[in-house]
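Dear colleague,

I am handing over the structure we spoke about, and below it you will find an account of what turned up in it. Please read the account with the coordinates open beside you.

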Amino acid sequence: MTKATSTAKEAYVREYLGTPTDLKADAVKEVAAGLADTLADVFALYVKTKNFHWHMSGRHFRDYHLLLDEQSAQLFAMTDPMAERARKIGGTTLHSIGEIARRSKVLDNDALYVTPEDMLAELRDDNLALTTRMRKVHAVCDDANDIATASLLENWIDETEQRTWFLFEATRPAFGKNG
């Protein structure tokens, strides 16, 4: 895309989708981009969590099945507020599944069978990586003086840390042992 095309698209977005804000235009662009990247990860992690929820098996089936259902619901509940936050400040958000695929860092798992332990460990690591991504966006919000987005991220970070904790505890090899 040429610089002229990019500038024309930005002007079009400002004219038709712009929302009044006291945040600087560059800050809006950076925060909205960070939110879109994070939202792509949240959608991808939601689908992966549902995949593992649907394909869970084994002696702890009920507990893990319910855990992953709770966690996927929590992830899905993040999506609308995250996208709408970008719009509130005059930015844009995701437009398609293709954009989610391009922006997300969450790896797919299309295996026909994954052990319950490997499912939980993979989701644990994905949630930990999501926390890292949200902390980076929080830093962008701090630089932009976007207190509201930072506040939302703080709650989502806390929720993600709880999911990570539960998955960590479920993957420990023995009581009181980390390893």
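Lys50 and Asp69 form a salt bridge, in which the closest N and O atoms are 2.8 Å apart. The pair links distant parts of the chain, since Lys50 belongs to helix α2 and Asp69 to helix α3 (residues 61-88), with their positions 19 residues apart in sequence. Lys50 counts as buried because its relative accessible area is 13%, which falls under the 20% cut-off, whereas Asp69, with a relative accessible area of 31%, is partly exposed. Please keep in mind, here and throughout, that this is a predicted model.

As for the chain as a whole, its secondary structure comes to six helices and zero strands, and the pattern read along the sequence is α-α-α-α-α-α. The protein chain has 179 residues, of which 39% count as buried. Among the contacts with a separation of 6 or more, 79% are accounted for by residues 24 or more positions apart.

Salt bridges

How many salt bridges does the rule give? The count comes to 11, and the pair described above is one of several that can be looked at in detail. In general, side chains of opposite charge can pair when their charged atoms come close.

A second pair that links distant parts of the chain is Asp41 in helix α2 with Arg133 in helix α5 (residues 116-144), and these two residues are 92 residues apart. Their side chains meet in a salt bridge with an N to O distance of 2.6 Å. Are the two partners buried or exposed? Asp41 is buried, with a relative accessible area of 5%, and Arg133 also counts as buried, at 12% relative accessibility.

A further salt bridge is formed by the side chains of Arg172 and Glu169, at 2.9 Å from N to O. Here Arg172 is partly exposed, with a relative accessible area of 24%, and Glu169 is partly exposed as well, with a relative accessible area of 37%. Through salt bridges that share partners, Asp37, Asp41, Glu99, Arg103 and Arg133 are joined into one network, so that the Asp41 and Arg133 pair should be read together with the other members of that network.

The second largest pocket

The second largest pocket holds about 340 Å³ of space, and 14 residues line it, with Phe43, Ala44, Val47, Lys48 and Asp108 lying nearest its centre. The elements that contribute two or more residues to this lining are α2 (25-54) and α4 (97-103), and α2 gives the most, with five residues. Sorted by class, the lining has eight nonpolar, three polar and three charged residues.

The loop between α5 and α6, and the start of α6

Asn145 sits in the loop between α5 and α6, and its backbone deserves a look when you set up any calculation of your own. Asn145 has a positive phi of about 60° although it is not a glycine, and the general background is that most residues other than glycine have a negative phi. Asn145 is exposed, because its relative accessible area is 55%, which is over the 50% cut-off.

Asp146 has its place in the loop between α5 and α6 too, but at 3% relative accessibility Asp146 counts as buried. Not counting residues up to four places away in sequence, Asp146 touches Leu23, Val31, Arg85, Ile89 and Cys141.

Which residue does the side chain of Thr149 meet in a polar contact of 2.6 Å? The partner is Asp146, again through its side chain. Thr149 lies in helix α6 (residues 147-171) and is buried, with a relative accessible area of 0%. Leaving aside its neighbours within four places in sequence, Thr149 is in contact with Val31, Leu35, Arg85 and Cys141. Val31, Arg85 and Cys141 therefore appear in the surroundings of Asp146 and of Thr149, under the contact cut-off of 4.5 Å between heavy atoms.

With best regards

Key
Residues are numbered from 1 along each chain as its sequence is written. This is a predicted model: local features need pLDDT of at least 70, side-chain atom pairs count only at pLDDT 80 or more; totals for chains, interfaces and linings use all residues. Side-chain values use heavy atoms; hydrogens and water are left out. On a 1 Å grid over the protein atoms alone, a cavity is a set of points where a 1.4 Å probe fits but cannot get out, and a pocket is an open set with protein on both sides within 12 Å along at least five of seven lines; lining residues have an atom within 4 Å of a point. Grid points are joined across faces, edges and corners, and a volume is the space filled by probe spheres set on the points. Helices (H or I, at least four residues) and strands (E, at least two) are DSSP runs, numbered from the N terminus. Ala, Val, Leu, Ile, Met, Phe, Trp, Tyr, Cys and Pro count as nonpolar, Asp, Glu, Lys and Arg as charged, and the others, Gly among them, as polar. A salt bridge is a side-chain nitrogen of Lys or Arg within 4 Å of a carboxyl oxygen of Asp or Glu. Buried means under 20% relative accessible area, exposed over 50%, partly exposed in between (1.4 Å probe, protein chains only). A polar contact is a pair of N or O atoms within 3.5 Å; within protein, one must be able to donate a hydrogen and the other to accept it, and residues adjacent in sequence count only if both atoms are side-chain atoms.
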